Amino acid sequence: MRLTIKNLQGKTICISEKNTILQSLGENAIDWMQACGAKGRCTTCKMVVLQGNEYLADYTEVEKKFVAQKRLLANERLACQVKPKNLQNDYEVIIQVPKTYQLPHILYND
Ligand code: FES
């Protein structure tokens, strides 16, 4: 499955159901905010899903907690929690980095 980060110059990487999105980003040398170290406590790894949320695994208990607290909107997922579904075809998920959690040393195009 492919993951495209729209406001990161449309960079596209391959993602696997074995890894969280954050792990796949790290394996592809893409820096991503993660203030709590992927422990599901901070929401700074938030990503906005523009297309293909149906290709991602169901919300984790951690994500459900943040949805209930309105700290995670319907089109937002936590990169440190979510994995893609195990699908055979070459589907694409398109995301973007929310302005609030953009890193200062990275050039975003939005
Ligand atoms: S890195 Fe803190 S919730 Fe994902």
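Two strands pair if DSSP finds at least two bridges between them. Helices (H or I, at least four residues) and strands (E, at least two) are DSSP runs, numbered from the N terminus. This is a predicted model, in which local features need pLDDT of at least 70 and side-chain atom pairs count only at pLDDT 80 or more, while totals for chains, interfaces and linings use all residues. Residues are numbered from 1 along each chain as its sequence is written, and side-chain values use heavy atoms, with hydrogens and water left out.

**Fold**
- The chain contains 2 helices and 5 strands.
- Read from the N terminus, the order of its elements is β-β-α-β-α-β-β.

**Strand E1 and its partners**
- Strand E1 covers residues 2–5 and pairs with strand E2, residues 11–14, in the antiparallel sense over 4 bridges.
- These two strands, E1 and E2, make a hairpin with 5 residues between them, and Gln9 in the turn has a positive phi of about 55 degrees.
- Strand E1 also pairs with strand E5 (residues 92–96), here in the parallel sense and over 4 bridges.
- Leu3 stands opposite Ile13 in E2 and opposite Val93 in E5.
- Thr4 has Thr12 of E2 opposite it.

**Size and packing**
- The chain has a radius of gyration of 13 Å, which agrees with the value near 13 Å for a compact globule of 110 residues; the radius is taken over C-alpha atoms, and the globule rule is 2.2 Å times the number of residues to the power 0.38.
- The C-alpha trace spans about 35 × 30 × 20 Å along its principal axes.
- Of the 110 residues, 45% count as buried, a term that means under 20% relative accessible area with a 1.4 Å probe, protein chains only.
- Among contacts (heavy atoms within 4.5 Å) with a separation of 6 or more, 66% join residues 24 or more positions apart.

**Surface and charge**
- About 6100 Å² of the chain is exposed, and carbon and sulfur atoms supply 49% of this area, as computed by the Shrake-Rupley method with a 1.4 Å probe.
- There are 15 positive and 11 negative side chains, and the centres of the two sets lie 6 Å apart; Lys and Arg count as positive and Asp and Glu as negative, with His and the chain ends not counted.
- Each charge is placed at NZ of Lys, CZ of Arg, CG of Asp or CD of Glu.

Methods. Buried < 20%, exposed > 50% of the residue type's maximum accessible area, 1.4 Å probe, protein only.
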